[in-house]
Amino acid sequence: MAHAALVDDGGAVRNVIVVDNDKLPNDGEFTPEVETALNEYLHARGLDGDWKLTSYNNNFRGTYAGEGYTYDPDLDEFVPPVIPDPIVEA
């Protein structure tokens, strides 16, 4: 199964979906050509936007994308949200 993250213009991940590998060339392996085919496949089904492949096993792009993550195009990686340290009162 291929996993795809919808990234908005600001780089925020808005959604993550699963796509059958048989719908993509090269059995869904991560290549620029497969990502182009992924976008063509999803756009043809009315799922517009910029979709990026993300690895459930963290094999590429840093980490598996989730809602609230951002995509850094310079690093070509997904960046998890920053969670502030809780305030601990003594």
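A residue is called buried here when its relative accessible area is under 20%, and by that standard buried residues make up 36% of the 90 residues in the protein chain. Please keep in mind throughout the tour that the model is predicted.

**The whole chain**

Begin with the protein chain in cartoon view, where 1 helix and 5 strands can be picked out, and follow the elements from the N terminus in the order β-β-α-β-β-β. The C-alpha atoms, taken along the principal axes, fill a box of roughly 55 × 25 × 25 Å. Among contacts between residues at least 6 apart in sequence, 40% join residues at least 24 apart. If you switch on the surface, its accessible area comes to about 5,900 Å², with 49% of that belonging to carbon and sulfur atoms. Colouring by charge then brings up 5 positive and 18 negative side chains, and the centres of these two sets lie 7 Å apart.

**The largest nonpolar core**

Next, select Ala2, Ala4, Leu6, Ile17, Val19, Leu24, Val34, Leu38, Tyr41, Leu42, Trp51 and Leu53, which together form the largest nonpolar core, with 12 residues in all. At least two residues of this core come from each of strand 1 (2–7), strand 2 (13–19), helix 1 (32–44) and strand 3 (50–54), and the largest share, 4 residues, is supplied by helix 1. Staying with this selection, centre the view on Val34, which, leaving aside residues up to four places away in sequence, touches Leu24, Pro25, Asn26, Gly28, Glu29 and Leu53. A second, separate core holds 6 residues, and Val7, Val13, Tyr71 and Phe78 are among them.

**The aromatic pairs**

Now show the aromatic side chains, among which the structure holds 3 pairs. For the pair of Tyr56 and Tyr64, the ring centres are 5.3 Å apart and the planes stand at 80°, so this pair is edge-to-face. Tyr56 is exposed, with a relative accessible area of 56%, whereas Tyr64 is partly exposed, at 24%. Move on to Tyr71 and Phe78, whose ring centres are 5.3 Å apart and whose planes meet at 55°, so that this pair is classed as tilted. Both Tyr71 and Phe78 are buried, and both have already appeared in the second core.

**His3 and its surroundings**

Select His3, which lies in strand 1. Is this histidine buried or exposed? Its relative accessibility is 14%, and because the limit for a buried residue is 20%, His3 counts as buried. Beyond residues up to four places away in sequence, His3 touches Ile17, Val18, Lys52, Leu53, Thr54, Tyr56 and Tyr64, a list that includes both members of the edge-to-face pair.

**Two unusual backbone angles**

The last stops concern the backbone, for which the general background is that most residues other than glycine have a negative phi. Select Asp27 in the loop between strand 2 and helix 1, where phi is positive, at about 55°, although the residue is not a glycine. Then go to Arg61, which is found in the loop between strand 3 and strand 4 (70–72). Arg61 is likewise not a glycine and has a positive phi of about 60°, and the residue is buried, with a relative accessible area of 8%.

Conventions
Residues numbered from 1 in each chain as written. Predicted model: local features only at pLDDT ≥ 70, side-chain atom pairs only at ≥ 80, totals over all residues. Heavy atoms only, no water. Core = buried A, V, L, I, M, F, W, Y, C linked by side-chain atoms within 4.5 Å. Buried < 20%, exposed > 50% of the residue type's maximum accessible area, 1.4 Å probe, protein only. Contact = heavy atoms within 4.5 Å. Phe/Tyr/Trp six-rings, centres within 6.5 Å; stacked < 30°, edge-to-face > 60°. Areas by Shrake-Rupley, 256 points an atom, 1.4 Å probe, with all protein chains shown as cover. Lys, Arg positive; Asp, Glu negative; His and termini not counted. Charge placed at Lys NZ, Arg CZ, Asp CG, Glu CD.
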